[in-house]
Amino acid sequence: MKRKVLSIAIMAFASVVAWSQPAVVSSPLRVMESESGLLSPQWSPDGRYIAAAGDGYHGIYVYNLTDKSIRQISSDAGAGYRMQWTDDAARIVGRTSVIADGKLMHEVKVWNVADGVATTLLAPTRGLKGFPMWNGNDELSVRIADERRALGIKSTPEAIPAETAYSILVEDPAGAASRIESLKEYAGTVIINPSLSPDGMKVAFQVPGRGMMVMNAADGSDLVGLGKGLNPTWTPDGKWVVYTITADDGMRITSSKVCAVNVTTRVICVLLNNALFIPMTPSVNRQGTSMVFENEADRSIYTVDIKL
């Protein structure tokens with residue numbers, strides 16, 4: 001009898017573990033398309049919008065899930081690369097590329113989602129390193145040369161946010177490995193795609209040629225490898241990192257699948273592996289109910305329902 005009870009308990013535990021893994025529970029639905037292609041979709045914090053970059057990250061397009069409309073809010077070069085929503089989902093911050101006097105420069109802008117009106121927060125400069133770091137509550141900072149500077153969206157001056165390992169990854173990707181103690185062995189490597197956990201305690205990122213890693217966002221301690229993968233992003237409960245694994249023929253990506261890895265147990269599960277799709281740059285909404293991704297096969301944006 002005891003052995004039977006133990007077997008039932010083990011089976012029940014295994015069922016709970018399996019159930020607790022994230023899963024896709026619907027077929028992919030195309031929500032955005034363009035003749036030139038769309039890239040890198042991002043959910044708005046309130047789950048009402050999806051922002052996507054145009055081909056080559058040229059411009060920003062916003063899809064309204066309520067009325068199914070699509071609005072182009074920016075045509076600036078580079079605007080869609082690592083764009084960031086404000087916490088109120090009313091604006092999007094981005095770094096743009098400008099050619100002036102034959103030189104490549106960058107500026108920082110914020111666009112209103114409702115009407116596309118843009119405000120320049122940082123005039124074109126060659127000194128901008130990395131990307132603007134959005135801290136919420138209208139606090140935005142950038143690194144210009146070796147100086148961190150606050151760019152208040154409000155008219156009042158903003159305090160400069162404290163520097164962390166995460167801010168170094170965002171603002172100085174080329175120099176981050178030499179500045180963060182746990183990454184010193186990768187000095188000279190550009191660290192890419194940093195993604196902050198929902199509670200702000202951890203950051204996942206890629207070390208090219210070494211795979212994905214996660215560490216404490218404050219000081220870079222507790223560095224742990226997560227294995228092969230691209231474009232890590234988090235589930236809203238902070239338990240899983242969602243990412244893609246791709247295959248190529250040396251010229252182009254031929255297949256891809258979306259996976260999730262538990263940052264505590266390192267358990268890996270496959271979320272989407274469909275031969276009709278080449279999913280890239282997944283993003284899970286804060287409500288934990290849907291995932292959006294770019295389909296490399298037709299350069300369109302799709303959503304799927306998920307269960308965490």
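Which residue in β16 does K202 stand opposite? In this predicted model, K202 stands opposite N216 in β16, and the points below start from the strands around that pair before turning to the cores and to some single residues.

1. Overall content and confidence. The protein has 308 residues, of which 48% count as buried, and its secondary structure comes to 3 helices and 24 strands. The average pLDDT is 90, and 90% of the residues score at least 70. The exception to keep in mind is the stretch of residues 1–19, where the pLDDT is below 50 and where the model shows 1 contact beyond near neighbours in sequence. Where pLDDT is low, the predicted coordinates should not be read in detail.

2. Contacts and surface. Among the contacts in the protein with a separation of 6 or more, 38% join residues that are 24 or more positions apart. The protein exposes about 15,000 Å², and carbon and sulfur atoms supply 52% of that area.

3. The four-stranded sheet. An open sheet of 4 strands runs in the order β14-β15-β16-β17, and its pairing is antiparallel. The edges are held by β14 and β17 (224–227), each of which has a single partner strand, so one side of each is left without a neighbour in the sheet. From one strand to the next, the twist averages 25°. Strands of a sheet pair through backbone hydrogen bonds, either parallel or antiparallel.

4. Pairing within the sheet. Strand β14 (residues 192–196) pairs with β15 over 3 bridges in the antiparallel sense, and the bridge partner of L196 in β15 is V203. On the next step across the sheet, β15 and β16 (residues 211–216) are joined in the antiparallel sense over 6 bridges, and it is here that K202 stands opposite N216. The pairing of β16 with β17 is also antiparallel and covers 3 bridges, with V214 standing opposite V224 in β17.

5. The two hairpins. The hairpin of β14 and β15 has 5 residues between the strands, and in this hairpin G200 takes a positive phi near 75°. The hairpin of β15 and β16 has 3 residues between the strands, and there G209 takes a positive phi near 85°.

6. Burial of β15. How many of the 6 residues of strand β15 (residues 202–207) are buried? The count is 5 of the 6, so β15 is largely enclosed by the rest of the structure. Strand β15 also appears among the elements that give two or more residues to the largest nonpolar core, and V203 and F205 are listed among the residues with the most contacts inside that core.

7. The nonpolar cores. The largest nonpolar core has 19 residues, and those with the most contacts inside it include L169, I180, L183, I191 and M215. Two or more residues are contributed by each of β11 (128–134), α2 (165–171), α3 (176–179), β15 and β16, and the largest share, 5 residues, comes from α2. A second, separate core of 14 residues includes L272, V284, M291 and F293. In soluble globular proteins, nonpolar side chains tend to be buried together.

8. The surroundings of I191. Leaving aside neighbours within four places in sequence, I191 is in contact with L169, P173, A176 and A177, and also with F205, Q206 and V207.

9. S178 in helix α3. S178 is found in helix α3 and counts as partly exposed, because its relative accessibility is 40%. Apart from residues up to four places away in sequence, S178 touches K184 and A187. The C-alpha atoms of S178 and G188, which are 10 residues apart in sequence, lie 7.2 Å apart in space.

10. T233 and N262. T233 lies in strand β18 (residues 230–234) and, at 16% relative accessibility, counts as buried. Not counting residues up to four places away in sequence, T233 touches S195, W240, V241, V242, P282 and S283. N262 lies in strand β20 (residues 253–262) and is buried, with a relative accessible area of 11%. With neighbours within four places in sequence left aside, N262 is in contact with K239, W240 and V267. The C-alpha atoms of N262 and W240 are separated by 4.5 Å, although these two residues are 22 residues apart along the chain.

How values were computed:
Residues are numbered from 1 along each chain as its sequence is written. This is a predicted model: local features need pLDDT of at least 70, side-chain atom pairs count only at pLDDT 80 or more; totals for chains, interfaces and linings use all residues. Side-chain values use heavy atoms; hydrogens and water are left out. Buried means under 20% relative accessible area, exposed over 50%, partly exposed in between (1.4 Å probe, protein chains only). Two strands pair if DSSP finds at least two bridges between them. pLDDT is the predictor's confidence in each residue, from 0 to 100. Contact means heavy atoms within 4.5 Å. Axes are lines fitted to C-alpha atoms, for helices over the stretch in contact, and angles run from 0 to 180 degrees between N-to-C directions. A nonpolar core is a set of buried Ala, Val, Leu, Ile, Met, Phe, Trp, Tyr and Cys residues joined through side-chain atoms within 4.5 Å. Accessible areas come from the Shrake-Rupley method with a 1.4 Å probe; for residues, only the protein chains shown count as cover.
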